[in-house]
Amino acid sequence: MENLASGVLPREIVSDIGKKMQAIKDEMAALEETPPPHDFTVEQIKVWLAALKDAPDTKAIHLLIDRIEVYNKTDVRVFSTLTSVLGETGRGDRI
């Protein structure tokens, strides 16, 4: 922030940063107006999980973890927030 305020950066860079910030704000406003989906298909979930596997995202992974129970060094159980969804397709016990 000091670099931006001091004028050390070229105007083009400051302009690019401003444009990027505006694009992010526009995207946020559009998302706020978009109603969330009420349900996801199995295929949509599989595509999302595959994309997450290809490019891990810490925040998304944290959304998938309901709780972690550690019994000892070799017995660690991770419970997923997707268990209820996957359970409906017969795979709730394989997460």
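Search this whole structure, a predicted model, and you come away with three salt bridges. Let's take them one at a time and then turn to the nonpolar side of the surface.

Start at arginine 67, which pairs with glutamate 69, their closest N and O atoms sitting 2.8 Å apart. Arginine 67 also has a salt bridge to aspartate 66, and here the closest N and O atoms are 3.6 Å apart. Put these together and you get a network of salt bridges linking Asp66, Arg67 and Glu69.

How covered are these residues? Arginine 67 has a relative accessible area of 38%, so it is classed as partly exposed. Aspartate 66 comes out at 49% relative accessibility and also counts as partly exposed; the cut-off for exposed is over 50%. Glutamate 69, at 23%, is partly exposed too, with buried meaning under 20%.

The remaining pair to look at joins arginine 77 to aspartate 75, with 3.1 Å between the closest N and O atoms. Arginine 77 is partly exposed at 39% relative accessibility. Aspartate 75 gets that label as well, because its relative accessible area is 22% and buried would need a value under 20%.

Now for the nonpolar part of the story. Ile61, Ile65, Ile68, Val70, Val76 and Val78 make up a nonpolar patch on the surface, and together they offer about 480 Å² of accessible area. Which strands supply at least two residues each of this patch? Look at strand S1, covering 65–72, and strand S2, covering 75–80. S1 is the top contributor, giving three residues to the patch.

Isoleucine 61 is worth a stop of its own. You'll find isoleucine 61 in helix H4, which spans residues 58–64. Its relative accessible area is 33%, so isoleucine 61 is partly exposed. That value matters for the patch, because a patch residue needs over 30% relative accessible area and no salt bridge.

With that rule in hand, go back to the charged residues. Arginine 67 has its salt bridges to aspartate 66 and glutamate 69, while arginine 77 has its salt bridge to aspartate 75. Residues with a salt bridge are left out of patches by definition. The nonpolar patch, for its part, draws on S1 and S2 for at least two residues each, with Ile61 among its members.

Conventions:
Residues are numbered from 1 along each chain as its sequence is written. This is a predicted model: local features need pLDDT of at least 70, side-chain atom pairs count only at pLDDT 80 or more; totals for chains, interfaces and linings use all residues. Side-chain values use heavy atoms; hydrogens and water are left out. Patches are made of residues with over 30% relative accessible area and no salt bridge: like charges are joined within 9 Å, nonpolar side chains (Val, Leu, Ile, Met, Phe, Trp, Tyr) within 5 Å. Accessible areas come from the Shrake-Rupley method with a 1.4 Å probe; for residues, only the protein chains shown count as cover. A salt bridge is a side-chain nitrogen of Lys or Arg within 4 Å of a carboxyl oxygen of Asp or Glu. Helices (H or I, at least four residues) and strands (E, at least two) are DSSP runs, numbered from the N terminus. Buried means under 20% relative accessible area, exposed over 50%, partly exposed in between (1.4 Å probe, protein chains only).
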